[in-house]
Amino acid sequence: MNSEVTFWPSGRTVKVKPGTTLLDAARRANIPIRTRCGGKAACFMCKVTVRPESELQPIADNERRKLSGLDGCHIRLACQARVAGKVDVEVPLDPLRAAVERQLARQAEQDDDLW
Ligand code: FES
């Protein structure tokens, strides 16, 4: 039986086999998640937030050590967290894209002030 992973804010959903990492599920869904270490739990760049009701396999010691307490905040490493059922994942915006969107929002506010 397949598991279902939905990535937010896009809302894109992909079906994967249980045990698939969130990083592999994201790649199948064509959702970019930044990595530098190639999925070895070394770079800490693939942090995502999982919604509390998400069904993931128990966190492994290696990932728990890397997160050093953040796992209680529903933060997981996408390269280590494995799907067990239905999962909802919040993917942070790429920093460059986030900066561009903030700049565009500021520009729009300034344009509104002129009218
Ligand atoms: S990809 Fe580097 S820690 Fe997950």
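**A tour from a buried arginine to an exposed leucine**

At 9% relative accessibility, arginine 76 counts as buried, because anything under 20% relative accessible area falls in that class. This is a predicted model, so keep that in mind as you select each residue in turn.

Stay with arginine 76, which belongs to strand β4, residues 75-77. If you display its side chain together with that of glutamate 63, you will find a polar contact of 2.8 Å between the two side chains. Glutamate 63 is also one of the residues that arginine 76 touches, and among the others are Cys46, Val48, Leu56, Ile59, Leu67 and Ala81, leaving aside residues up to four places away in sequence.

Next, select serine 3, which you will find in strand β1, residues 3-8. Is serine 3 buried or exposed? With a relative accessible area of 4%, serine 3 is buried, and its contacts, again without residues up to four places away in sequence, include Val14, Lys15, Val16 and Pro18 as well as Val83, Ala84 and Gly85.

Now move to helix α3, whose 20 residues run from 95 to 114 and reach 29 Å from the first C-alpha to the last, close to the 28 Å expected at 1.5 Å a residue. At the N-terminal end of α3, select aspartate 94, which caps the helix with a side-chain oxygen 3.1 Å from the backbone nitrogen of leucine 96.

Finally, select Leu96, Val100 and Leu104 together, since they make a nonpolar surface patch of about 310 Å². Leucine 104, which is found in helix α3, is exposed, with a relative accessible area of 55%.

Definitions and conventions:
Residues numbered from 1 in each chain as written. Predicted model: local features only at pLDDT ≥ 70, side-chain atom pairs only at ≥ 80, totals over all residues. Heavy atoms only, no water. Helix = DSSP H or I, 4+ residues; strand = E, 2+ residues; numbered from the N terminus. Buried < 20%, exposed > 50% of the residue type's maximum accessible area, 1.4 Å probe, protein only. Contact = heavy atoms within 4.5 Å. Expected span 1.5 Å × (residues − 1). Polar contact = N/O pair within 3.5 Å; in protein donor to acceptor, adjacent residues only side chain to side chain. Patch = residues over 30% accessible without salt bridge, like charges linked within 9 Å, V, L, I, M, F, W, Y side chains within 5 Å. Areas by Shrake-Rupley, 256 points an atom, 1.4 Å probe, with all protein chains shown as cover. Salt bridge = Lys/Arg side-chain N within 4 Å of Asp/Glu carboxyl O.
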